[in-house]
Amino acid sequence: QSLKDDALHHKSLSLSRDSHGGSMNKHYEWSQKHESFVEAKKPEEEKIQNVLYYTANSTHYDKIAQFEKRSYETEGYIFPDNFYEEKFRVHFFRKRIEDIKDYKLLVAEYKDMIVGRIDLTWMYDVDKDNNIGFINWIYVLKQYRNMATGKGLIDFCKSELRKMNINTVKLLVGKGNLAALEFYRNSGFNLNSKMIVCELDF
């Protein structure tokens, strides 16, 4: 099963103030041969120091474009299309990030280079009678994984949501994305396996 085939079959995960995660001590890596995630030896974690976490704005466009380019260069098989930097700049930067309603682009920067990002939105939830956060996209460059960078992004995301009096965040992840599922479990997310996402383009 490929990542593309997995696109419409997701699990819903949520993280609230009372969530607790338990490590399964497993590690998965993508196998192009099998077109799926396979269990692999977990590398030793080496936490890098002096990582900056901040909300990006239009002054960071060059760094964001370079981050996207590196993402495609290292794991192009994840993305459906080839990366064209100029096309990306025109599409992504057609308006200022800070002018987009109910949206923040959270980034992790190390040595003057963006190494991870979260696309964060929020919306009203009738059941909770409050806004909830929603992570549309999270990605850390492959060479900066297992260094607590992803956890740092999640922690920063939670702190940004708390500023808006939001204490729940949700996301969707492909059911075959075992590496991501393990990361989210260890980050305290609750797994809801009942939800299947259907998408209609028109």
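Tyr144 is buried in this predicted model, at a relative accessible area of 15%. Tyr144 is among the residues with the most contacts inside the largest nonpolar core, a set of 44 residues. The protein has 202 residues, and buried ones make up 42% of them. The topics below run from the overall fold to the core, the aromatic rings, two helices and two loops.

**Overall fold**

- The protein contains 4 helices and 9 strands.
- Read from the N terminus, the order of elements is β-β-β-β-α-α-β-β-β-α-β-α-β.
- Take the contacts between residues at least 6 apart in sequence: 67% of them join residues at least 24 apart.
- The exposed area comes to about 12500 Å². Carbon and sulfur atoms account for 48% of that area.

**Nonpolar core**

- Which residues have the most contacts inside the largest nonpolar core? They are Ile64, Ile118, Leu120, Ile135 and Tyr144.
- Both helices and strands give two or more residues to this core. The helices are H1 (61–75), H2 (85–92), H3 and H4 (178–186). The strands are S5, S6 (113–125), S7 and S8 (168–174).
- Ile135 touches Ile118, Asp119 and Leu120, with residues up to four places away in sequence not counted. On the same count, Ile135 also touches Ile154, Cys157, Val169, Lys170, Leu171 and Phe189.
- Ile154 and Cys157, two of those partners of Ile135, are among the buried residues of H3.

**Aromatic rings**

- The structure holds 6 aromatic pairs.
- Tyr53 and Phe156 make a tilted pair, with 6.5 Å from centre to centre and 35 degrees between the planes.
- This pair links distant parts of the chain. Tyr53 sits in strand S4 (residues 52–55) and Phe156 in helix H3 (residues 149–162), 103 residues apart.
- Are the two partners buried or exposed? Tyr53 is partly exposed at 26% relative accessible area. Phe156 is buried at 15%, because the cut-off for buried is under 20%.
- Tyr110 and Tyr144 form an edge-to-face pair: the centres are 6.0 Å apart and the planes make an angle of 65 degrees.
- Tyr110 belongs to strand S5 (residues 103–110), and Tyr144 to the loop between strand S7 (130–140) and H3, so this pair ties together parts 34 residues apart in sequence.
- Both partners are buried: Tyr110 has 16% relative accessibility, and Tyr144 has 15%.
- Phe67, Trp137 and Tyr139 make up one aromatic cluster.
- Tyr139 also has a charged partner: Arg145 lies over the face of its ring, 5.2 Å from the ring centre.

**Helices H3 and H4**

- H3 is 14 residues long. Its first and last C-alpha atoms are 20 Å apart, close to the 20 Å expected at 1.5 Å a residue.
- The buried residues of H3 are Thr149, Gly150, Gly152, Leu153, Ile154, Phe156, Cys157, Glu160 and Leu161.
- An α-helix has 3.6 residues a turn, so residues three or four places apart point the same way.
- In H4, the buried residues are Ala180, Leu181, Glu182 and Tyr184.
- H4 is followed by Gly188, which has a positive phi near 100 degrees.

**Positive phi in two loops**

- Where is Asp112? Asp112 is in the loop between S5 and S6. Its phi is positive, about 65 degrees, although Asp112 is not a glycine.
- Asp112 is exposed, with 55% relative accessible area.
- Asp129 lies in the loop between S6 and S7. Asp129 is not a glycine either, yet its phi is positive at about 50 degrees.
- Asp129 counts as exposed at 57% relative accessibility, because the cut-off for exposed is over 50%.
- Which residues does Tyr124 contact, leaving aside neighbours within four places in sequence? Tyr124 is in contact with Asp129, Asn130 and Asn131.
- Tyr124 itself lies in strand S6 and counts as partly exposed at 48% relative accessibility.

Key: Residues are numbered from 1 along each chain as its sequence is written. This is a predicted model: local features need pLDDT of at least 70, side-chain atom pairs count only at pLDDT 80 or more; totals for chains, interfaces and linings use all residues. Side-chain values use heavy atoms; hydrogens and water are left out. Rings of Phe, Tyr and Trp (its six-membered ring) pair if their centres lie within 6.5 Å; planes under 30 degrees apart count as stacked, over 60 as edge-to-face and the rest as tilted. Buried means under 20% relative accessible area, exposed over 50%, partly exposed in between (1.4 Å probe, protein chains only). A charge sits over a ring if NZ of Lys or CZ of Arg is within 6 Å of the ring centre and within 35 degrees of the ring normal. The expected span of a helix is 1.5 Å times one less than its number of residues. A nonpolar core is a set of buried Ala, Val, Leu, Ile, Met, Phe, Trp, Tyr and Cys residues joined through side-chain atoms within 4.5 Å. Contact means heavy atoms within 4.5 Å. Accessible areas come from the Shrake-Rupley method with a 1.4 Å probe; for residues, only the protein chains shown count as cover.
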